[in-house]
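This report describes the architecture of one protein chain, from a single loop residue outward to the pocket, the nonpolar cores and the aromatic pairs. Please consult the sequence and the model alongside the text.

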Amino acid sequence: MDKQKEGEKIKEQGAKVTISQVAQAAGVSVATVSRVINQSADVRPDTFRHVTKIIEEMGYSPRGTLSSNRQGELIIAAVPSLMDGFYGPIIDGIQAASVRHGYSLLVHNGELTPEYFPAFKVLLSSTRSAGLISACYLAPELWAKLSGHIPIVQCHQYSEEYGGSFVAADDFSASQNAGEYALSTGRRKIAIISGPPLYQNTIRRRQGFLAAVESAGVTVPVGWQLSVPKTSFRLAMFSATQILSAAHRPNLIYATTDVYAAAVIKAASQLGLRVPEDIMVIGSDNTDISVSTSPSITTTNLPRFQMGYTACDVLAQQLSEPDTPSQHIYLGTELIIRNSTCLTQE
């Protein structure tokens, strides 16, 4: 009998599916199934897709349905990458609040994607997780599936359209303040380097900055509104090099992340341009790179610890009072002025 059909037969018979049976049906080892569930980088993409498909088809769940595990004592915090220092303070905030509320914390490292849902569902069930705080972008399809299984609070990355609770910085006001400050420097040839448009915070930062400069009669040419497909120093540097190499170039660039701002400074240096004399640079997030780059970067400080702490507070309230209405919380920010926009040293 075909291995996959054998797995389907097991499901039809109503027997409890084991991880060994999933491995047999998928034609892989138990260790590989375990790595898929834990989203290990060691699994090939085609194997990952195949195993998650088998998990979903067989209905594998080590401890029954998720609905029976909502009263667990563990919550999961999902972040795109532990290597990205941006998320450290958010995790610290979640950890501090989870201890106060009597929950243990499990940190999930890696983006959450619709393809990963079957394996992630197994992780939620096996850990008897009570709730999820996600700092990852959640596609509409994935949000719909996850919210049907477990209470969710989005943190930093969010979408108002989903209707669920979220805690985020007020990115529109933050970038609006950055735009007003940019105008105060006297610069009028302004460009923007932003991230993927599917991220709500990227959209709001771009909108806020444009609202500020355009209200003063300053137009940012379409050709100077650059979008980088992911948070990549290399790709941002390529975009910055192109725009700064032109005969007609901007004299101030607003970047929606400090990574992009650092890439602009590197590109300017390689082209023989001085920061801030020839080109001023403003970033966002106030991450470590903003003070390790020379010159240091003028940037927006986000209350990341408070974001994490508040998100956990909101989740704890949802868990203790399931009928609590969804909460949309925006936290204030602060513009930090540094050398990348100051013609005199700090």
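Where is the place of aspartate 285? In this predicted model, aspartate 285 belongs to the loop between β9 and α12 (289-292).

## Aspartate 285

Aspartate 285 has a relative accessible area of 8% and is therefore buried, the limit for that class being under 20%. With its neighbours within four places in sequence left aside, aspartate 285 is in contact with Phe86, Arg205, Thr256, Thr257, Asp258, Thr299, Thr300, Leu302 and Arg304. Two of these contact partners, Phe86 and Thr257, also belong to the group of lining residues that lie nearest the centre of the largest pocket.

## The chain as a whole

The protein chain has 346 residues, and buried residues make up 52% of them. Its secondary structure comes to 13 helices and 12 strands. Among contacts with a separation of 6 or more, 74% are accounted for by residues 24 or more positions apart.

## The largest pocket

The largest pocket holds about 600 Å³ of space. Its lining is made up of 29 residues, and Asp84, Phe86, Tyr87, Thr231 and Thr257 are those nearest its centre. By character, the lining divides into 10 nonpolar, 11 polar and eight charged residues. Two helices, α9 (200-215) and α11 (258-270), each supply at least two lining residues. The largest share, three residues, comes from α9.

## The nonpolar cores

The largest nonpolar core consists of 42 residues, of which Ile190, Ile193, Phe209, Leu244, Ile253 and Ile279 touch the most other members. Helices and strands both contribute: α8 (171-184), β6 (190-194), α9, α10 (233-245), β8 (252-255), α11 and β9 (280-282) each supply at least two residues of this core. Its largest share, eight residues, comes from α11. A second, separate core has 35 residues, including Val36, Tyr116, Leu124 and Leu142.

Two members of the largest core can be followed in detail. Leucine 244 is located in helix α10. Its relative accessible area is 2%, so leucine 244 is buried. Residues up to four places away in sequence not being counted, leucine 244 touches Arg249, Pro250, Ile253, Val264, Ala268, Leu271, Leu273 and Ile279. One of these partners, leucine 271, is 27 residues apart from leucine 244 along the chain, and the C-alpha atoms of the two are separated by 7.9 Å.

Isoleucine 253 is part of strand β8. Because its relative accessibility is 0%, isoleucine 253 counts as buried. Outside its neighbours within four places in sequence, isoleucine 253 is in contact with Ala191, Ile193, Ile243, Leu244, Val264, Ile279, Met280, Val281 and Ile282. The C-alpha atoms of isoleucine 253 and isoleucine 279 are separated by 7.3 Å, although the two residues are 26 residues apart along the chain. Val264 and Ile279 appear among the contacts of leucine 244 and also among those of isoleucine 253.

## Aromatic pairs

The structure holds nine aromatic pairs. The two pairs described here are set out in the table.

| Pair | Distance between ring centres | Angle between planes | Arrangement |
|---|---|---|---|
| Tryptophan 143 and tyrosine 162 | 5.3 Å | 15° | stacked |
| Tyrosine 158 and tyrosine 330 | 6.0 Å | 75° | edge-to-face |

Why is the pair of tryptophan 143 and tyrosine 162 stacked? The planes of the two rings stand at 15°, and planes under 30 degrees apart count as stacked, so the pair falls in that class. Tryptophan 143 lies in helix α7 (residues 140-147) and tyrosine 162 in the loop between β4 (152-155) and β5 (165-169); the pair links distant parts of the chain, 19 residues apart. Both residues of this pair, tryptophan 143 and tyrosine 162, are buried.

The edge-to-face pair joins tyrosine 158, in the loop between β4 and β5, to tyrosine 330, in strand β11 (residues 328-331), so it ties together parts that are 172 residues apart in sequence. Tyrosine 158 is buried, with a relative accessible area of 4%, whereas tyrosine 330 is partly exposed, with a relative accessible area of 29%. Ring pairs also bring in Phe166, linking Tyr158, Phe166 and Tyr330 into a cluster.

Notes: Residues are numbered from 1 along each chain as its sequence is written. This is a predicted model: local features need pLDDT of at least 70, side-chain atom pairs count only at pLDDT 80 or more; totals for chains, interfaces and linings use all residues. Side-chain values use heavy atoms; hydrogens and water are left out. On a 1 Å grid over the protein atoms alone, a cavity is a set of points where a 1.4 Å probe fits but cannot get out, and a pocket is an open set with protein on both sides within 12 Å along at least five of seven lines; lining residues have an atom within 4 Å of a point. Grid points are joined across faces, edges and corners, and a volume is the space filled by probe spheres set on the points. Helices (H or I, at least four residues) and strands (E, at least two) are DSSP runs, numbered from the N terminus. Ala, Val, Leu, Ile, Met, Phe, Trp, Tyr, Cys and Pro count as nonpolar, Asp, Glu, Lys and Arg as charged, and the others, Gly among them, as polar. Rings of Phe, Tyr and Trp (its six-membered ring) pair if their centres lie within 6.5 Å; planes under 30 degrees apart count as stacked, over 60 as edge-to-face and the rest as tilted. Buried means under 20% relative accessible area, exposed over 50%, partly exposed in between (1.4 Å probe, protein chains only). A nonpolar core is a set of buried Ala, Val, Leu, Ile, Met, Phe, Trp, Tyr and Cys residues joined through side-chain atoms within 4.5 Å. Contact means heavy atoms within 4.5 Å.
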